[in-house]
Amino acid sequence: MSVSLVILAAGQGSRMASDLPKVLHLLAGAPLVVHAMRAGQSLDPDRVVVIVGHGVNDVAQAVHEENPDAQIVVQSEQLGTAHAVDQAREVLEDFDGDVVVLYADTPFISPATLDAMRAARARHDLVVLGFEPADPARYGRLVMAGDALLRIVEFKDALDEERAITLCNSGLVCAGRAVLFALLSEVGNTNASGEYYLPDIVALARDKGYSAGVVTCPEAETLGINTRAELARAESIFQARARTDALENGATLQAPDTVIFAQDTMVGRDVTIEPYVVFGPGVTVENGATIRAFTHLEGAHVSRGAIVGPYARLRPGAELGEDVRIGNFVEIKNAEIAEGAKINHLSYVGDAQIGAGANLGAGTVTCNYDGVFKHRTEIGAGAFIGSSTMLVAPVRVGAQAVTGSGSVITQDVPDGALALGRARQDTKPGLGQRLMDRLRAAKAARQKG
Ligand code: UD1
Ligand code: MG
């Protein structure tokens, strides 16, 4: 049966003490709402509906960057979780299948847990995800009779004996679309918070003779983020897992605790990552590559056998071919560096294509920006760019061509040519010595006087 996701992302997150809507705070380089979307993607949903309330435009933009087909529905007043889900009623009216409700502030739900919820739908009309936290705190409590779920009671509304229950509500629900919305229209708001509670659909379902069941997951998966401290804790949990995954997948991490991964970092086998490396979003490192210490990468692809760093920066669109060398204090942006090319020291290469085996000397700069437009630089295979060459784009240096050190290259250089674009040297015999003597004498005279 097909499935649609409803992701609740309308809350303001006032406890974050932030002008940014809570669901846009970053965890491992991706907004919280995107984590929830990616978790739900494992169900291969037919439709994705995101309920937004605070920061509508910004949240919608982040959602659409991740999935242009996701539907945004605005909940203009936050009247409770049932009211939030109910906002999806119209857009799902013609959908025939299951609805899974996810919370945008709960980023660690695993595909296995979502699969288990879908599987449990074969036995129950309504499936709730529960968990046994170390500290049940103020979570809603699941009231069971054997395997059957009778109802969910919010902490605020619970009696002492209900508060003693240790099985808690994660908030996630899975039910058929028609049953879910029929139940939602009956949820009231006479409770301690005056809100429309989504968990109330359980008791309503039972009244109507529907069955409700529970699937449980480890507490780590239901970690909800309401404060900066919880966000920091989630980040450290994420990083610990990502480091373990990288090691298990065959990477060498010399100092795992100093390496920061992004949600989508892909690291191959026999990759070595030295200490203090930071991965932003969108990085793939293929088998056998080495990322040396203090390197920062985002939106980059590093092919087999390449060596990057120490102290390198790969920005979005950096495409490194096999066995490329990128050395210290080199920045690469939106540039394709073909197999075996070397850019080893103090260089900026942006909006460029560098041919196979080319060598860019220390201090090479592609002058790609004229203050308004960006322009491209092309360097052919096997070219040798002398140290401190300024390549004023748009410009092309041919294959096997050479530029003299210190050149400012403003015109295309044909294949195999030597281009010198610098002032001719003028040497005055003895003048250096005389100049220094005069300066030193002037200094001595000043100190005396
Ligand atoms: C909810 C559950 C509780 C459960 C807990 C797990 C209810 C009534 N209670 O409580 O049983 O143990 O989650 O963390 O559902 N939201 C909206 N619109 C609204 C209200 C909420 O979009 O009108 C969103 C929030 O942004 C958040 C999610 O729904 O992402 C949960 O809301 P929240 O207020 O955090 O519910 P809890 O009090 O934590
Ligand atoms: Mg909450």
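**Surroundings of valine 271, backbone exceptions and the domain interface**

Apart from residues up to four places away in sequence, valine 271 touches Gly250, Ala251, Thr252, Val285, Glu286, Asn287, Gly288 and Ala289. The model in which these contacts occur is a predicted one, and the values given here were computed from its atoms. Valine 271 is placed in a loop, the one that runs between β13 (266-267) and β14 (272-273). With a relative accessible area of 0%, valine 271 counts as buried, because that term applies to residues under 20%. A further relation in space links valine 271 to leucine 253, for although 18 residues separate the two in sequence, their C-alpha atoms are 8.5 Å apart.

Buried residues are also found in helix α6, which covers residues 177-184 and in which Val179, Leu180, Phe181, Leu183 and Leu184 are buried. The spacing of such positions can be read against the geometry of a helix: an α-helix has 3.6 residues a turn, so residues three or four places apart point the same way. The elements against which the buried residues of α6 pack are α3 (81-86), β6 (98-103), β10 (168-176) and α7 (201-207).

The backbone was examined next for exceptions to a general pattern, which is that most residues other than glycine have a negative phi, and that most peptide bonds are trans. Two residues are described here for their phi. Aspartate 44, although it is not a glycine, has a positive phi of about 50°, and its place in the chain is the loop between α1 (32-41) and β4 (47-52). Because its relative accessibility is 61%, aspartate 44 counts as exposed. Phenylalanine 294, likewise not a glycine, has a positive phi of about 60° and is found in the loop that joins β17 (290-291) to β18 (296-297). The relative accessibility of phenylalanine 294 is 41%, and this residue therefore counts as partly exposed.

Cis peptide bonds were considered in the same way. The bond that leads from glycine 309 to proline 310 is cis, with omega near 5°, and proline 310 is found in the loop between β20 (307-308) and β21 (312-314). The bond from alanine 393 to proline 394 is cis as well, with omega near 0°, and proline 394 is found in the loop between β29 (390-392) and β30 (395-397).

On a wider scale, the protein is divided into domain 1, which comprises residues 3-222, and domain 2, which comprises residues 244-419. When the centres of the two domains are taken over C-alpha atoms, 44 Å separate them. Where the domains meet, five residues of domain 1 are in contact with five residues of domain 2. The size of an interface is often given as the accessible area lost when the parts come together. For domain 1 and domain 2, the area buried between them is about 350 Å², and carbon and sulfur atoms give 51% of this area. Of the area that domain 1 buries against domain 2, Ala28, Gly29 and Arg38 supply 83%, more than any other three residues.

As to the chemical character of this interface, two residue pairs in polar contact are found across it, whereas the count of salt bridges between domain 1 and domain 2 is zero. On the side of domain 1 that touches domain 2, the residues divide into two nonpolar, two polar and one charged.

Note on methods. Residues numbered from 1 in each chain as written. Chains lettered and ligands numbered in written order. Predicted model: local features only at pLDDT ≥ 70, side-chain atom pairs only at ≥ 80, totals over all residues. Heavy atoms only, no water. Domains from an automatic or database assignment. Contact = heavy atoms within 4.5 Å. Buried area = accessible area lost by both parts, 1.4 Å probe. Salt bridge = Lys/Arg side-chain N within 4 Å of Asp/Glu carboxyl O. Polar contact = N/O pair within 3.5 Å; in protein donor to acceptor, adjacent residues only side chain to side chain. Nonpolar A, V, L, I, M, F, W, Y, C, P; charged D, E, K, R; others polar. Helix = DSSP H or I, 4+ residues; strand = E, 2+ residues; numbered from the N terminus. Buried < 20%, exposed > 50% of the residue type's maximum accessible area, 1.4 Å probe, protein only.
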